[in-house]
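Me: I am new to this one. Please show it to me, and then I will ask some questions.

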Amino acid sequence: MSASPVLRPLIVVPAWNEEQTVGETVREIRGVMPEIPVLVVSDGSTDRTVHIARRAGARVLVLPFRLGVGGAMRAGFRYAVRNGYDAAVQVDADGQHDPKQVPALLDELGQAEVVIGARFCEQQDGYRVSGPRRWAMVLLSKVLSRLTNTRITDATSGFKATGGQALPLFAEHYPDEYLGDTVESLVIAARAGCAVTQVPARMRPRRGGEPSHRPVKSAIYLGRAAMALVLALIRRWDITPVPVPQLRPAVEEGVP
Amino acid sequence: MTENNYLIALIGSVLVLAGIVELLRRRQLKEKYAVLWLIVGVVLVIFTAFPALLTRIASALGVAVPTNLLFFVAILFLVGVVLHLSWEASRLENETRKLAEDVAILRLDVAELKQEKLAQDNTD
C-alpha cells in the first residue's frame, strides 16, 4: 500500500526515568518521520526525562505520579482523541522498537484498528525464549488468536498502532494492571468488535534500562499471565466508547 | 461477670459509640458509612448492657456457646466491611488515575497556549 489510510497519526512514547535513552529515541523517530508529532508521556519520572524529551523536540505529558505503562498510554490516547488525531503508535523509549517500522504498522490500519508489531513472526533469531515463559506466550497467543480471529504470535508486544474505533475505546478503557496494556487491551478491542492484526517487526536490543521481565521469574510470569488472561476474559466491559469533547484543533508541530 | 468488668465493658462500648457520633459530628465520616457504624455502636452498647440477651438469642438459634455467635457475626460483618473498602479503594484509585492523566494533558495545553501567546505578544 502506498497511501497510508491514516491522516493524522501521533507517536506516543511512554517513559519512566528513561533519561539515558529517550532523547536518542525521539530524535530517531523525528529523523525517520519528521511530519508525525511525537508525544512523550513521562510516567512520574524523577530524573531528567521530561527536559531531555522536550529538548529533543517532543511534546511531553508530565504525569504527576507513576501510573504504569497502561496509564501512560491511556493519557496518550486521550490526548490523541482530544486533539483530533486518528491513530496512535506506541514506541518504547528504550530503543527496542525500530521507528523505521512505524509506517508498516500504519499502513495496516486500513484493514484493522489495532496493529501489533510482533516478534518471532517469521525467521526471527533475535528473540528466543524457553521454559515457562515460552508456555505463557503459547497460551496467550492461542487464546488471543481465537478471540480476535487472526493469528497473533506475540500478544505481549508493546509496539502497537491503534486507530479507528479502537482509539476512543482505548482512551476510555485502556487497562492499567499487569499485562493489561498488552493482553487485556487486545481482549477489550476484540470484544468491542475492533479488527486486530499483526505485522512482523524486528526488535532491537534495548539501549539501556532494566528489562521488565527476568528469566528467573519466568514461572511467576506464567502464573501472572494466566491470571491476567482469565481476568480479562471474565471481566465485564462497558465498551461503548464515550465521546470525548474536542477541545481544539491540534497544533501542528512539537512545542518549540 | 463481676460488677467491675460489667462497668468497664459498658463504659468501653459507650465510648466507641461516642467516638462514632463525634466523627460524624465533625464530618469526618461520610453519611453512607455513618448509618452502618451507628448501628454497630448501638448494638454493641445494647449487648454489653444486657449480656443475657446474647445468651437468649444464642440458645434460640441453637448455638451452644453465646460468644461463638458473637464472633461469627462479627467476623462476617468485618469481612463484608473490608471487601467494601477494597472496592472503594479500587474505585478511588481509578478516579485518581483519570485525574492525573487529565492534569498532564491540561498542563501541556496550557504550556502550549502560553507559548503561543508569548510569540504573539512579541510580534505585536
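Me: Why does the end-to-end distance of helix 4 (residues 66-123) of chain B agree with its expected span?

Reply: This is a predicted model, in which local features need pLDDT of at least 70, side-chain atom pairs count only at pLDDT 80 or more, and totals for chains, interfaces and linings use all residues. Residues are numbered from 1 along each chain as its sequence is written, with chains lettered from A and ligands numbered from 1 in the order in which they are written. Helices are DSSP runs (H or I, at least four residues; strands are E, at least two), numbered from the N terminus. At 1.5 Å times one less than the number of residues, the 58 residues should span 86 Å, and the end C-alpha atoms are 85 Å apart.

Me: Is helix 4 of chain B largely buried or in the open?

Reply: Buried means 20 or more other C-beta atoms within 10 Å of a residue's own; exposed means 12 or fewer, partly exposed in between, with C-beta atoms placed from the backbone. Of its 58 residues, 5 are buried, so helix 4 of chain B lies largely in the open.

Me: Which residues of helix 4 of chain B are buried, and what covers them?

Reply: They are A100(B), E101(B), A104(B), I105(B) and L108(B). The cover, counted by contact (C-beta atoms, placed from the backbone, within 7 Å), includes strand 3 and helix 3 of chain A.

Me: Which element gives the largest share of the side of chain A that touches chain B?

Reply: The contact takes 19 residues from chain A and 12 from chain B. Strand 3 (59-63) and helix 3 each give two or more on the chain A side. The largest share, 6 residues, comes from helix 3 of chain A.

Terms used:
Contact = placed C-beta atoms within 7 Å.
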